[in-house]
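Thanks for opening this one with me. Have a look through the model first, and then we can walk through a few spots together.

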Amino acid sequence: MSRLEQIIEQLMKISHDPRKQLERYQSEGKKVVGCFPPYTPQELVMAAGMVPMGIWGSQTESYQVRAYVPAFCCPIMQSSLEMGLNGSMKGLSAVMIPAICDALRCITQNWKVGVPDIPMIPVTYPQNRTDAGIQFLKSEYEVIRARLEKVAGHPITEEDLKAALEISRQHSRAMLEFAEEARKHPDRITPIIRHSVMKSAWFMEKKEHLALVKELTEELKKEPECDWKGGRVILSGITGEPDELLKLLEEYGLMVDSDDLAQESRQYTAEIPEGDDALLCLAEQWKDRKCSLVHDTEKTRLVRMCETAKEHQVQGVITCMMKFCDQEEYDLPVMNAMMKKLEIPVLALEIDQQPGTAEQLRTRIQTFAEMICNSKK
Ligand code: SF4
């Protein structure tokens, strides 16, 4: 097995079995803090010497959660809370939950009642992203820092913070470089592999992941570029899941050119600025977030997607619309109109994390693939 294949296999295993990672870190005596999507200050967890671990739901049937949230709560939150309620997250020292939408706001309170043995740290991001909002966010991070210090059992120094911020910057650059290299090698980096590499970042210590992703990118650079004959698409949405959906893309000859997924590249496009005050730098990153989940009247993430679509000459955009996610739904008509001007078709798929829901997407993906591949000829 080549080194390239070894790294891919390792990252795929990790992305498919985060529980094993949690157990590994626990056996090494490390404390792990669960980080709900889409954004939490993971750097504060790293600075405290603990491991931030993403919580992105799972293909779990909803049972206990039905007593806490209505049926129209998004599936990712239903399954995440279900995992807390059924004990699947035992071993976490705390969770951080960003109160960024109505569903997440409710989950902060549900968690306190339903999962009292795992402390919950809420994260409140300001809608106002001017200087006043950033000052507020810095003060919010001070509160979170103090709560994490309690969990860790020791103080977080300014040096700890600066070191964590630097790792995070390097990791973000490495992830974007991987994404750029992956689009030159769709023969080696299939949609599932690309997603697994991206997702594995959520379940590993950043330093460890950084080393592996850098090595993977270097290995890819040694490979000849692929002359892809199939369709080239951008994926947008919260997550490009489940794997069955990605398998369908592969089956019908579609490669993921790039993504605008909250779980993947959106995490890395706003770099943490440099400066003397680490918490202020971290807060200032919020100004540059381009996402459907932040208050952005200019819709800059869609502008960026259009620029990428033109530059990369993609044939289509597939929106993985998380069921019942208002924020993403509000952006869809705007995206459709913007892409229409570029004559790039958009396929909106409703994503549900419940098991066995992907097969119904087959016909739509097949038709879309035939349409965009024929228009290329
Ligand atoms: S998927 Fe949408 S509705 Fe659900 S938690 Fe994320 S932002 Fe909120």
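The points below go from the ligand site to one strand pair and then to some backbone details.

1. Please keep in mind from the start that this is a predicted model.

2. Let's begin with the ligand. The space that the ligand takes is the largest pocket. If you want to find your way around, the residues to pick out around the ligand are Cys74, Ile76, Met77, Cys101, Leu104, Ile238, Leu293, Met322 and Cys325.

3. What is the character of the shell around the ligand: nonpolar, polar or charged? Nine of its residues are nonpolar, while no polar and no charged residues take part.

4. Which domains supply the shell around the ligand? Domain 1 (31-156) and domain 2 (230-377) each give at least three residues to this shell.

5. Now to a piece of the fold. Strand β3 (residues 94-98) and strand β4 (residues 120-123) run parallel and are joined by four bridges. One detail to look up is proline 98, whose bridge partner in β4 is valine 123. Together with helix α5 (residues 102-114), β3 and β4 make a β-α-β unit, and this unit is right-handed.

6. Two cis peptide bonds deserve a look. Proline 37 and proline 38 are joined by a cis bond with omega of about -5 degrees; proline 38 is in the loop between β1 (32-35) and α3 (42-47). The bond from glutamate 241 to proline 242 is also cis, its omega being near 0 degrees, and proline 242 has its place in the loop between β5 (231-237) and α10 (243-251).

7. Finally, glutamine 313 is not a glycine, yet its phi is positive, at about 55 degrees. You will find glutamine 313 in the loop between α12 (300-312) and β7 (316-322).

Terms used: Residues are numbered from 1 along each chain as its sequence is written. This is a predicted model: local features need pLDDT of at least 70, side-chain atom pairs count only at pLDDT 80 or more; totals for chains, interfaces and linings use all residues. Side-chain values use heavy atoms; hydrogens and water are left out. A residue is near a molecule or strand if one of its heavy atoms lies within 4 Å of it. On a 1 Å grid over the protein atoms alone, a cavity is a set of points where a 1.4 Å probe fits but cannot get out, and a pocket is an open set with protein on both sides within 12 Å along at least five of seven lines; lining residues have an atom within 4 Å of a point. A molecule sits in a cavity or pocket if more than half of its atoms lie within 2 Å of its grid points. Ala, Val, Leu, Ile, Met, Phe, Trp, Tyr, Cys and Pro count as nonpolar, Asp, Glu, Lys and Arg as charged, and the others, Gly among them, as polar. Domain bounds come from an automatic or database domain assignment. Two strands pair if DSSP finds at least two bridges between them. Helices (H or I, at least four residues) and strands (E, at least two) are DSSP runs, numbered from the N terminus. A crossover is right-handed if, with the strands pointing away from the viewer, the path from the first strand over the helix to the second runs clockwise.
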